[in-house]
Amino acid sequence: MGLRCAVEYDYIESLMLQTAAPLVGGCGIVVVTTLVFCVLRIAARKALVALASATFRIGVTSLLSLSFLVYPSVSLGLFRYFKCVDTGTDRVLLADMRISCSGSRYMSSLAYVLIMLIIYPLGIP
């Protein structure tokens, strides 16, 4: 159930948040790690250079950990987007039967899902 009791959203909105949030978090890790690494390298003291290297390793480890934590659930969600079932009068998305697979909402988000398929299931491993 999650947030659905407080906020109304559909499967496509959930999928967009599920795919965009880790990318934003990953970018945040990269920015913070790069800034700390550069500041410590500019100081150029021996102790700080070692700390800069440790900071870089922690940043890379955090980024890889984040990507492998979200990989299974995001990949599954992306592939569930293509599972449509016939209701007799229309084809609807199995994950959210309020969404018609021939509707404009479904078709307009298809490009986004295809890009995320390149980034997550194909790009992370």
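Which strand does Leu93 lie in? Leu93 sits in strand β2, and it makes a handy way into this predicted model. The residue is buried, with a relative accessible area of 0%, and Leu93 is also among the residues with the most contacts inside the largest nonpolar core. Below is a quick tour, starting with how far to trust the coordinates.

**Confidence**
- Across the protein chain the mean pLDDT comes out at 87, with 93% of residues reaching 70 or more.
- Strand β1 (residues 84-86) has the highest confidence in the chain, at a mean of 94, while α2 has the lowest, at 86.
- A general caution for anyone reading off details: where pLDDT is low, the predicted coordinates should not be read in detail.

**The hairpin**
- Strands β2 (residues 91-93) and β3 (residues 96-100) run antiparallel, and two bridges join them.
- Together β2 and β3 make a hairpin, with two residues between the strands.
- Across the hairpin, Leu93 stands opposite Asp96 in β3.
- Asp96 is tucked away too: its relative accessibility is 6%, so it counts as buried, the cut-off being under 20%.
- Asp96 has a charged partner, Arg98, and their salt bridge brings the closest N and O atoms to 2.9 Å apart.
- Looking back along the chain from the hairpin, Arg80 is 13 residues away from Leu93, and their C-alpha atoms are separated by 8.4 Å.

**The nonpolar core**
- The largest nonpolar core counts 16 residues, and Leu78, Leu93 and Tyr106 have the most contacts inside it.
- Helices α1 (11-43), α2 and α4 (110-122) are the elements that give two or more residues to this core.
- Of these, α4 provides the largest share, four residues.

**Salt bridges**
- How many salt bridges does a search of the whole structure find? The search turns up three.
- Asp10, Glu13 and Arg105 are linked in a network, with Arg105 taking part in both of the pairs described next.
- Arg105 meets Asp10 through their side chains at 3.2 Å, N to O.
- That pair links distant parts of the chain, since Arg105 is in helix α3 (residues 104-108) and Asp10 is in the segment before α1, 95 residues apart.
- Arg105 also meets Glu13, with 3.7 Å from N to O.
- Because Arg105 lies in helix α3 and Glu13 in helix α1, this second pair ties together parts that are 92 residues apart in sequence.
- Are the three network members buried or exposed? Asp10 is buried at 12% relative accessibility, whereas Arg105 is partly exposed at 33% and Glu13 is partly exposed at 40%.**The two long helices**
- Helix α1 carries Gly28, which is partly exposed with a relative accessible area of 35%.
- The C-alpha atoms of Gly28 and Leu63 are separated by 9.6 Å, although the two residues are 35 residues apart along the chain.
- Ile42 is another residue of helix α1, and at 69% relative accessibility it counts as exposed because the cut-off is over 50%.
- For Ile42 and Phe79, the C-alpha to C-alpha distance is 45 Å, with their positions 37 residues apart in sequence.

**A nonpolar patch on the surface**
- Which residues form a nonpolar patch on the surface? The patch consists of Phe56, Val60, Leu64 and Phe68.
- Taken together, these four side chains account for about 380 Å² of accessible area.
- Val60, one of the patch residues, is found in helix α2 (residues 46-80).
- With a relative accessibility of 36%, Val60 counts as partly exposed.

Methods
Residues are numbered from 1 along each chain as its sequence is written. This is a predicted model: local features need pLDDT of at least 70, side-chain atom pairs count only at pLDDT 80 or more; totals for chains, interfaces and linings use all residues. Side-chain values use heavy atoms; hydrogens and water are left out. Two strands pair if DSSP finds at least two bridges between them. Patches are made of residues with over 30% relative accessible area and no salt bridge: like charges are joined within 9 Å, nonpolar side chains (Val, Leu, Ile, Met, Phe, Trp, Tyr) within 5 Å. Accessible areas come from the Shrake-Rupley method with a 1.4 Å probe; for residues, only the protein chains shown count as cover. Buried means under 20% relative accessible area, exposed over 50%, partly exposed in between (1.4 Å probe, protein chains only). pLDDT is the predictor's confidence in each residue, from 0 to 100. A nonpolar core is a set of buried Ala, Val, Leu, Ile, Met, Phe, Trp, Tyr and Cys residues joined through side-chain atoms within 4.5 Å.
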